[in-house]
Amino acid sequence: MIDGPRVAPASGAAAQSLVILLHGYGSNGDDLISLAPYWREALPTTAFVSPNAPEPCPGAPGGYQWWGLTSLGPSARAEGAARAAPVLDAFIDAELVRHGLSEAQLALVGFSQGTMMALQVGPRRRHPLAGIVGYSGMLADEASLAAPGATRPPVLLVHGDADPMIPIAAFHHAEAALVRNGFEVEGHISPGLGHSIDPTGLQLGGQFLARALG
């Protein structure tokens with residue numbers, strides 16, 4: 001079972017909603033949990049958790065990967081995300097039980113490879129999530145969006161147009177595929193931003209989560 005750092009609700013009371021933050025390739029939960037302080041004020045009854053991905057990342061001490069990124073080709077992405085999905089699903093199940101919550105009170109936030117995982121696992125949950133936020137990512141497997149029983153939570157995609165790791169074309173592809181499959185999608189492109197999250201992206205993410213989690 002994967003696990004990682006947690007931030008309790010700012011209210012001090014039991015969580016009424018949950019945000020699971022999914023880090024990128026070679027990073028870890030300590031990195032992405034740093035987003036929580038930016039959003040706690042707007043989400044005072046929300047708990048945050050950022051699990052470390054299941055595999056240590058070669059060449060990145062203290063870093064993890066959801067799957068090995070030997071290739072960003074479509075088949076390699078689809079196979080890798082499908083292999084990692086059961087681990088994340090089991091973590092989501094355990095966290096919902098831990099807090100006594102349902103999918104309707106859960107949002108996934110991903111960065112890079114974590115965005116691929118959020119868009120892979122989120123729509124395949126039995127019940128719709130409150131929402132998905134994807135920073136600097138791409139779709140791992142477009143076909144999974146149309147799988148039998150797939151749900152369609154609202155999605156926010158944010159990307160920099162100077163991203164050297166995952167080009168802006170991946171944003172446009174993901175946005176078009178999600179819309180084509182019936183998802184409600186909000187998108188934002190940050191001019192001059194590389195493979196990162198800027199203040200505008202943080203603000204938009206917080207506003208989206210506040211609406212989604214009510």
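**Reading strand β6 and two serines**

Leu-106, Leu-108 and Gly-110 point one way from β6, Ala-107, Val-109 and Phe-111 point the other way, and all of them are buried. Keep in mind that this is a predicted model.

User: How should I read the two directions in which the residues of β6 point?

Analyst: Start with the general idea: side chains in a regular strand alternate between the two faces of the sheet. Here, one set includes Leu-108 and the opposite set includes Val-109. As for cover, 6 of the 6 residues in β6 are buried.

User: Which strands pair with β6, and in what sense?

Analyst: Strand β2 (residues 17–22) pairs with β6 in the parallel sense, over 5 bridges. Within that pairing, Val-19 has Ala-107 as its bridge partner. β7 also runs parallel to β6, and 5 bridges join the two. There, Leu-108 stands opposite Ile-132.

User: What unit do β6, α4 and β7 make?

Analyst: Together they form a β-α-β unit, and its hand is right.

User: Where does Ser-112 lie, and what is its phi?

Analyst: The general idea first: most residues other than glycine have a negative phi. Ser-112, by contrast, has a positive phi, near 60 degrees. Ser-112 sits in the loop between β6 (106–111) and α4 (113–121).

User: Is Ser-112 buried or exposed, and why?

Analyst: Ser-112 counts as buried because its relative accessible area is 9%, and the cut-off for buried is under 20%.

User: What about Ser-136?

Analyst: Ser-136 also has a positive phi, near 50 degrees. You will find Ser-136 in the loop between β7 (131–135) and β8 (155–160). With a relative accessible area of 1%, Ser-136 is buried.

Conventions
Residues numbered from 1 in each chain as written. Predicted model: local features only at pLDDT ≥ 70, side-chain atom pairs only at ≥ 80, totals over all residues. Heavy atoms only, no water. Helix = DSSP H or I, 4+ residues; strand = E, 2+ residues; numbered from the N terminus. Buried < 20%, exposed > 50% of the residue type's maximum accessible area, 1.4 Å probe, protein only. Pairing = 2+ DSSP bridges. Right-handed = clockwise from strand over helix to strand, strands pointing away.
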